[in-house]
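Dear colleague,

Please find below the sequence and structure that I am handing over to you. A summary of what was found follows directly after them.

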Amino acid sequence: MRDLDTLPKAELHLHVEGTLEPELAFDLAARNGVELPFADVRELRAAYDFRDLQSFLDLYYATMAVLRTARDFTDLTLAYLERSVPQGLRHVELFFDPQAHTGRGVAFEDVVDGIGEGLRLGRERWGVTGGLIMCFLRDQPVEDAARTLQAAATRRGSLLGVGLDSAEVGHPPALFADVFAAARAQGLHVVAHAGEEAPPAYVREALDVLGVERVDHGVQAVHDADLLRRLAAEQVPLTVCPLSNVRLRVVDRLEEHPLHRLLAAGVRVTVNSDDPAYFGGYVGDCYRALREAVGLSDAQAAQLARNAVLGSFADQARKAELL
Ligand code: ES4
Ligand code: ZN
């Protein structure tokens, strides 16, 4: 059995704010004079017991209040890379939630420049490549998303693409049709969370109305045979996050995760950590957990890693290096 950490990996579904470990959260709280509603690291970690997506999001948005300066975002990004590189990370297309920061008075440019500097240092130190995908919060008014896309004009060259995240049910993709059309017209890549908690219709809508190139999560597609056939035929990458699905109770146990059914249907599945500080593991840990719980073989692990490279927005030369 091979050492899974030596398998070169691309991560395509990673919220940089979800890499904020409790220790760093308290360090930044002290540095910035921000009060966290928890006494210490232990108490914060004890709160990581989620019923569903919303109960996680409430804690996620509360904790990120400690992120205030460009340097904070650089430190956060570097801490993520430092943990992930030993697990085989070679390329990352990371999500960030600008509205969750600008709404607290943090400048958009500080967020983008801070994360960008972390990625630059990561490339210099470890040769990791990657880029930024700006996510719109689907549970906020669509006008805010449109304004955020306008604000991004000053940093257009720093962005790979746009995405859609936060509370899914009741906030279908089609609400963001115009914003996504504008992003596509600017040459940005487009992805969206769909079919995490909401039904397969949301996945179809993300493809047909938003024109997404990848579907984030997408696991609910397993309940729709026609959709599965389409995802396989079009080789749409699904950025699946197995540990997230367990922690947010999308599935009861990892043993019941639909990953094998998606693979068997011929879908271009990838494995990702989503919010590793909250869900119990970084990208290599996700592969390992699948080996232990559902008997992922070495060949399947290699296929998943290959799918991530193929599904990435890296240029052909970089893809060739990673394959
Ligand atoms: C998220 Cl797991 C998940 N789903 C939707 N939105 C998110 N933002 C951060 N993590
Ligand atoms: Zn996510």
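Across which strands does helix α15 lie, and at about what angle does α15 run to β8? Helix α15, residues 298-311, lies across β1, β6 (214-217), β7 (237-240) and β8, and its direction makes an angle of about 105° with β8. Please bear in mind that this is a predicted model.

The sheet

The strands just named belong to an open sheet of eight strands, arranged in the order β1-β2-β3-β4-β5-β6-β7-β8 with parallel pairing. At the edges stand β1 (9-11) and β8 (268-271), each of which pairs on one side only. On average, neighbouring strands of this sheet are turned by 25° against each other, direction ignored. As general background, strands of a sheet pair through backbone hydrogen bonds, either parallel or antiparallel. One pair to look at is β4 (residues 159-165) with β5 (residues 189-194), which pair in the parallel sense over two bridges. Here G161 stands opposite H189 in β5.

The helices

A further helix, α14 (residues 283-294), lies across β1, β2 (89-96) and β8, running at about 115° to β8. Elsewhere, helix α4 (residues 70-84) and helix α6 (residues 108-126) have axes that come within 7 Å and cross at roughly 35°. The crossing of α4 past α6 is right-handed. Residues of α4 that meet α6 include F73, L76 and L81, while those of α6 include V111, I115 and W126. By class, this contact of α4 with α6 has ten nonpolar, five polar and five charged residues.

The ligand and the annotated site

Which residues surround ligand 1? They are H15, G18, L53, Y60, D165, S166, H193, E196, S244, D274 and D275. This shell divides into two nonpolar, five polar and four charged residues.

The UniProt record, an unreviewed entry, places the feature "binding site" at H13, H15, H193 and D274. These positions span 262 residues in sequence, yet no two of their C-alpha atoms are more than 11.7 Å apart, so they gather at one spot. Of these, H13 lies in the loop between β1 and α1 (22-32). H15, H193 and D274 also appear among the residues around ligand 1.

Yours sincerely,
A colleague

How values were computed:
Residues numbered from 1 in each chain as written. Chains lettered and ligands numbered in written order. Predicted model: local features only at pLDDT ≥ 70, side-chain atom pairs only at ≥ 80, totals over all residues. Near = placed C-beta within 6 Å. Nonpolar A, V, L, I, M, F, W, Y, C, P; charged D, E, K, R; others polar. Pairing = 2+ DSSP bridges. Helix = DSSP H or I, 4+ residues; strand = E, 2+ residues; numbered from the N terminus. Axes fitted to C-alpha atoms, helices over the stretch in contact; angles between N-to-C directions. Contact = placed C-beta atoms within 7 Å. Left-handed = near helix turned anticlockwise from the far one by under 90°. UniProt positions renumbered as here; feature names shortened; annotations may be inferred.
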